[in-house]
Amino acid sequence: MLSREDILAWLAEKDASRLETLYRQADQVRRGNVGDQVHLGGLIEISNYCRRHCLYCGLRLDRKDLPRCRLERQELLQCVSQAVQRGYGTVVLQSGEDLGLEAPWVADLVEYIKANTPLAVTLSLGERSPQELRLWRQAGADRYLLRFETSSLRLYEQIHPSVPGQPSDRIALLGQLREMGYQVGSGMMIGIPGQTCADLADDILLLEKLELDMIGVGPYLPHPQTPLGRQFNLYRPPGQVPNTQEMTCKAIALARLACPWANIPSTTALASLGPGGGRESGLRCGANVIMPNLTPPAYRALYEIYPNKTSTYGSTDSGASLRQMIQSLGRSVGTSRGNSQRPQTPVDMDQ
Ligand code: SAH
């Protein structure tokens, strides 16, 4: 178990060779617990409508210049077929918090995918009601991703305003998802304006406490059409966590040490930081999952949570270059659904 002091010391560490020892240790823990396979999950961005006002996100409701769109069922199922053809273990259906994605429509879709493909279904549709989440679970959805974004309540309330009358409590929702029998994923952004290393240390400890099946960690990337993005270069408070590749890799490595069994993707946001092999660097310091983007390019451009989202290894590639990259690291491509290895407690679905 990691102590808060150890975590803080690693977060402050600047010496490259010492950091190499952290990455190597995380890589060994990854190999010992989840093996050398890199699991692939096809990301499908199904709607960019959103009812929320998150200060970091380019999909926020107030963003009037962004054309909004929702994938039709048939378009979506074509992306799902692509995931099957490429041998992926799961599809991740992600969207803004879009109540226009009606619960029975999503449930039908999940049921169809589960009945007609070998894929695990992962949902990442934001904060929906327990009734809706239960309906989707009963329709066969296997996993739900909902990042807590930051464990600091002060910062969370600043950057993720509640819908009036509905206080946002993602930690409570994660507990409910677990009780419903989902494999549960969460995580945070690295370098949110106002985030300190003490906050980030608490994030890592929270990952451990939540005993997550999946952990998504990526750098915060400023979007110029959002309140946080607009002030990004103007205000750097003392103790600010940088949104760099190095800090993200430290967080991935510490997340692996905190949660040896978790599935941890090397995220698109990490790859989007620019040249320098973002995806590879994540895989070297504890990550064991990659989520290529299967969204049709015209829709993908509109799912603009941050600018310049990289599309490497996505629907425009054949898939061969991704396999090559994985093999060049001495790893192999996942051959199963990549289910969580965390010991599961059986759940009665009728409860
Ligand atoms: N509506 C869903 C999915 C949101 S997009 C939800 O709220 O859960 C998935 C993740 O992208 C978010 O959880 C957030 O961590 C990340 N994200 C959003 N805006 C970002 C930005 N500007 N930079 C980096 N990551 C961002």
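How do the residues of the shell around the ligand divide into nonpolar, polar and charged? In this predicted model, the shell comprises 10 nonpolar residues, four polar residues and four charged residues. In total, 18 residues surround the ligand, and the closest are Ser95, Arg147, Glu149, Arg170 and Leu221.

Polar atoms of the ligand are paired with both backbone and side-chain atoms of the protein. A nitrogen atom of the ligand is found 2.9 Å from a backbone N or O atom of Ser95. At Leu221, a backbone N or O atom is likewise placed 2.8 Å from a nitrogen atom of the ligand. Glu149 contributes through its side chain, an N or O atom of which lies 2.6 Å from an oxygen atom of the ligand. Of the 550 Å² of accessible area that the ligand has on its own, 92% is covered by the protein.

A separate set of contacts was examined at Glu13. This residue is located in the loop that runs between α1, residues 4-12, and α2, residues 16-34. The relative accessible area of Glu13 is 13%; because this value is under the 20% limit, Glu13 is classed as buried. The side chain of Glu13 forms a polar contact of 3.2 Å with the side chain of Arg18. When neighbours within four places in sequence are left aside, the residues in contact with Glu13 are Arg18, Leu19, Glu246 and Lys250. Arg18 thus appears both in this contact list and as the side-chain polar partner of Glu13.

Notes
Residues numbered from 1 in each chain as written. Predicted model: local features only at pLDDT ≥ 70, side-chain atom pairs only at ≥ 80, totals over all residues. Heavy atoms only, no water. Near = heavy atom within 4 Å. Polar contact = N/O pair within 3.5 Å; in protein donor to acceptor, adjacent residues only side chain to side chain. Areas by Shrake-Rupley, 256 points an atom, 1.4 Å probe, with all protein chains shown as cover. Nonpolar A, V, L, I, M, F, W, Y, C, P; charged D, E, K, R; others polar. Helix = DSSP H or I, 4+ residues; strand = E, 2+ residues; numbered from the N terminus. Buried < 20%, exposed > 50% of the residue type's maximum accessible area, 1.4 Å probe, protein only. Contact = heavy atoms within 4.5 Å.
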